[in-house]
Amino acid sequence: MGIVAGLDSSPDFTRIVVCDADSGAVLKQGYAPHPLESGEGGGRPADVDPQAWLLSLGEAAGGGLLEGVQAIGVSAQQNALVPLDSQGNTVRPAMPGGDKRTQAAAADLIDRLGGREAWAQAVGCVPQAMHPVTKLRWLARNEPEAAQRVALVLQAHDWLVWQLLGRPSRRTTDRGGASGTGYWSAAGGSYRPDLVELALGHQAMLPEVLGPGDAAGTTPEGLIISAGTGETMAAAFGLGVRQGDAVVSLGASGSVMAVHHEALADPSGMITSLADATGMHLPVVHTLNAVRALRGTADMLGLSGIEELSDLAMKSTPGSHGLVLLPYLEGEKTPNLPHTAGTLSGLRRESMKPEHLARAAFEGMLCGLGDALDVLRARGVEVRRIFLLGAAAELPAVQAAAPMLFGTQVVVPQPADYAALGAARQAAWALNGQLPQWQGAAAQVLEPGEELPVGQAVRQQFTAVREQTHPGAFDSVGA
């Protein structure tokens, strides 16, 4: 019984959903953009005053949106670093999750611990620019005076939970958020403070890691605040994914994550071993090229966008008349080919038509994500059903090709605020003391059916070109 709310503080806005605690039915919603100044070139700013997140939250919750709410869950952008001094004040503005300044610091950290395998064994991930541990290293190298003042390290959802509770002496986080820091091990369930010192140059306080259904605290007014979590974990919880499910996200880059019963240490660094919001694990594999390969092909063909590219691709047939596009336009992470370029293979007179190139772009993108899926499958991760997310998931060319290329049932959920819904579901857990059995996302279900052998042939064609062009690129998979 009761009413709960979930808020998602993304890099650009705050969304709030108010839900029935028993059924998950959405009763009310709120939205507000973050009051942020644009960065260089009009993009997101390199640094953010976290007070902007609070201002956005207050605006989104205006008009009595939270009246009657008994518990709140917080989801927020992952990997945003909030460095605080001994008084709990920010040492410098927060460093957002997508910060690109820290790439050199990531390479430095990898070398300092003894290589990629050492990091994978220590905390289940190899430092990348996005990770908080890498941001600490950047801070120590580029702003040493500020680094010396850092006494406490929080992420965005940790900081918001702490603010909602009135800045108590107890600071908390959850397994999901902690697992993406680079200094907490999902396998061991514990911090590695030595890695904080390796990065920052000295020790710093870290938030207490709560269990999935735990409450971070209660406000003086009696409002329960749940543990909170990162956006990825909250979205998975809101979707209702469970063991046997994988989630494929189609953004400019791509990602594949799956629910698994244990953490996976991957010496190759292709798998990032995260924890989820339920006590399970979320191994994730990233690709650098997904929808950007579609946009690039659309530009090359002089089309108005990927919707027109999809219409054109539907005039071709599976296999694209022998055309194969390796979509590594920005280099690639899976497989690890950071300095490579894309490849178009199979040019013949009969294949040199716009519709075949359009189809090859979709098949190349999906086969690249299929490779990422196979990285997880090679480590024993069961995948019986795939949730396909992102605006591109609605395109006819994606829906026609994805089931046959992934070789399993594909679920395309209706658009919704899944991270906010996951945060609300966590709040219901903290309120009632048991995991709420909310109805899963409304979705379109696609089956590979009789086209499964055709999809396997297309995958084999893609794999043959990849192996010929980049031999041994996946030799470490399954090791």
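**Close-ups of strand β16 and its sheet**

**View 1. T272 faces its opposite number across a strand pair.** In this predicted model, T272 stands opposite V284, a residue of β17. The two strands, β16 and β17 (residues 281-287), run antiparallel and are joined by five bridges. Strands in a sheet pair up through hydrogen bonds of the backbone, in either a parallel or an antiparallel way.

**View 2. A turn links β16 and β17.** Together, these two strands make a hairpin, with five residues sitting between them. Look for G279 in the turn: its phi is positive, at about 105°.

**View 3. Zooming out to the open sheet.** Seven strands line up here in the order β16-β17-β15-β14-β20-β21-β22, and their pairing is mixed. At the edges you'll find β16 (271-275) and β22 (443-446); each has a single partner strand, so one side of each has no neighbour in the sheet. Going from one strand to the next, the twist averages 25°.

**View 4. Is β16 buried or exposed?** Mostly covered: five of its five residues are buried. In a regular strand, side chains take turns between the sheet's two faces. On β16, one side carries I271, S273 and A275, while the other carries T272 and L274, and all of these are buried, so both faces of the strand are covered.

Note on methods: Residues numbered from 1 in each chain as written. Predicted model: local features only at pLDDT ≥ 70, side-chain atom pairs only at ≥ 80, totals over all residues. Heavy atoms only, no water. Pairing = 2+ DSSP bridges. Helix = DSSP H or I, 4+ residues; strand = E, 2+ residues; numbered from the N terminus. Axes fitted to C-alpha atoms, helices over the stretch in contact; angles between N-to-C directions. Buried < 20%, exposed > 50% of the residue type's maximum accessible area, 1.4 Å probe, protein only.
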